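Me: I'd love a close look at one part of this model, the surroundings of the ligand. Could you walk me through it and then follow the threads outward?

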Amino acid sequence: MRIHDDIQLDYCDVLLRPKRSALASRSAVNVLREYTFKWCNRTLNATGIVAANMYTTGTFEIARAMQKQNLLAALHKHYSAQEIIDFLTENKKEFGSNDLIFVSSGVSDSDFGKLTTVMNTKLAQNICIDVANGYSPYLMDFVRKVRHTWPDALIMAGNVVTGDMCEDLILNGADIVKVGIGPGSVCTTRKLTGVGRPQFSTVIECADAAHGVGGMICADGGCTVPGDVCKSFCAGADFVMLGGMLAGHEESGGEMSTKIFQTGEVNMVDDEHCAMVLAEKQYKKFYGMSSAYAQEQHYGGLKKYRASEGKVVELPFRGPIEPTLLAILGGMRSCMTYIGAKRLKDMPKCASFYRVNRQLNTIFGNE
Ligand code: 5GP
């Protein structure tokens, strides 16, 4: 039995080491990057944060908010072709192009048919092909077919966690490989199957492999705070995909609910009577795309041969998404001044990490 015994790390196992730097302030750094690709000959100007193509985060509303900050979005697969075409038409009028939008696809014949309908309009040029297990031969075949059909498209494909598979996907037509199996906030793959790899180590190995053959990676899942996004870029990710950090907002999908609970405080009404203080709180549902709930909502029930690999959570409602996006970008700018990186692209070059046992002081809670 082979055991890979080199240490595998998550974002929470490391911290960035600050460095003397000539950067005077956060305004001296540039979070935008000019992306050029292996196959697609378009250039993108963006900060490589991508909204996950989950039903709750790959919404048109989140896509709009992301583009306002030069961020990207992968639309979820549950919009109809016509809904996507209508959105892309409007979006092109508003933002001048659909360069920051990925249309998502699975690997079935009907997925290809729907993708073809959208691509034929020439409104979309970025495709995100994803399956839970990127080691399936269907993914490689599908990537080849999509590259053959749309030679100029920007193709992102995944998910895998090893360098060899990143190289293969890129050599077969992907520009960007999406990496991550099991790190997601509402993912239970590791629990159910025992399969996965800590995301920080995944990013380091996959970025190195992808860059070696002229490709890029998108680190998908596992970011819980802006600092994790910074660590991911520093580890070599060209793009970072976020689900949970963007969920629970006004622009996110998912059912809202209101709950009433006791605060634990007591109001004295008079000397003999007191009243419990109640508070009302709003929640928004967020769920994994292979959770039983998602399969019931979007595929008419959990198939017998499939197990649920995702969970459902109710997040306290967070209001509009813009402040969250600004906090992430603010965190990145500050990180860049700490490590002396003037440009987003320089982050890995400027970064070195400490391996740590504890990164946060939680004496007053986890906030
Ligand atoms: P997060 O940013 O929430 O940590 O991770 C988001 C990523 O989790 C998504 O982009 C997707 O790759 C992954 N994901 C979403 N739903 C599920 C699910 O039901 N099961 C698994 N295994 N992964 C999921």
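To start, which atom of the ligand does a backbone N or O atom of Gly244 lie 2.8 Å from?

Reply: Happy to take you through it; please keep in mind that this is a predicted model. The backbone N or O atom of Gly244 is 2.8 Å from an oxygen atom of the ligand. The protein buries 89% of the 520 Å² that the ligand exposes when taken alone. Gly222 also uses its backbone: one of its polar backbone atoms is 2.9 Å from an oxygen atom of the ligand. Asp220 makes its contact through the side chain instead, with a polar atom 2.5 Å from a ligand oxygen.

Now for the shell as a whole. The ligand is surrounded by 20 residues, and the closest are Ser185, Thr189, Asp220, Ser290 and Glu309. Sorted by class, the shell has 12 polar, 6 nonpolar and 2 charged residues.

Asp220 is a good place to step outward. Besides its ligand contact, Asp220 belongs to a network of salt bridges that also links Lys77, Asp130 and Lys178.

The structure holds 13 salt bridges, and a few others are worth a visit. Arg147 pairs with Asp175, their closest N and O atoms being 2.6 Å apart. Arg147 lies in helix H4 and Asp175 in the loop between helix H5 and strand S9, so this pair ties together parts that are 28 residues apart in sequence. Both Arg147 and Asp175 are buried.

Arg197 and Glu205 meet in another salt bridge, at 3.0 Å from N to O. Here the partners sit in unlike settings: Arg197 counts as buried because its relative accessibility is 13%, under the 20% limit, while Glu205, at 33%, counts as partly exposed.

A further pair is Lys259 with Glu314, whose closest N and O atoms are 2.7 Å apart. Because Lys259 lies in strand S12 and Glu314 in strand S14, the bridge ties together parts that are 55 residues apart in sequence. Lys259 is partly exposed at 33% relative accessible area, and Glu314 is partly exposed at 34%.

Strand S12 leads us to the surface. Ile260, Val266, Met268, Met276 and Leu278 make a nonpolar patch of about 550 Å² there. Strands S12 and S13 each supply at least two of the patch residues, and S12 gives the most, with 3. Met268 lies in S12 and is exposed, because its relative accessible area of 60% is over the 50% limit.

Terms used. Residues are numbered from 1 along each chain as its sequence is written. This is a predicted model: local features need pLDDT of at least 70, side-chain atom pairs count only at pLDDT 80 or more; totals for chains, interfaces and linings use all residues. Side-chain values use heavy atoms; hydrogens and water are left out. Patches are made of residues with over 30% relative accessible area and no salt bridge: like charges are joined within 9 Å, nonpolar side chains (Val, Leu, Ile, Met, Phe, Trp, Tyr) within 5 Å. Accessible areas come from the Shrake-Rupley method with a 1.4 Å probe; for residues, only the protein chains shown count as cover. A salt bridge is a side-chain nitrogen of Lys or Arg within 4 Å of a carboxyl oxygen of Asp or Glu. Helices (H or I, at least four residues) and strands (E, at least two) are DSSP runs, numbered from the N terminus. Buried means under 20% relative accessible area, exposed over 50%, partly exposed in between (1.4 Å probe, protein chains only). A residue is near a molecule or strand if one of its heavy atoms lies within 4 Å of it. A polar contact is a pair of N or O atoms within 3.5 Å; within protein, one must be able to donate a hydrogen and the other to accept it, and residues adjacent in sequence count only if both atoms are side-chain atoms. Ala, Val, Leu, Ile, Met, Phe, Trp, Tyr, Cys and Pro count as nonpolar, Asp, Glu, Lys and Arg as charged, and the others, Gly among them, as polar.
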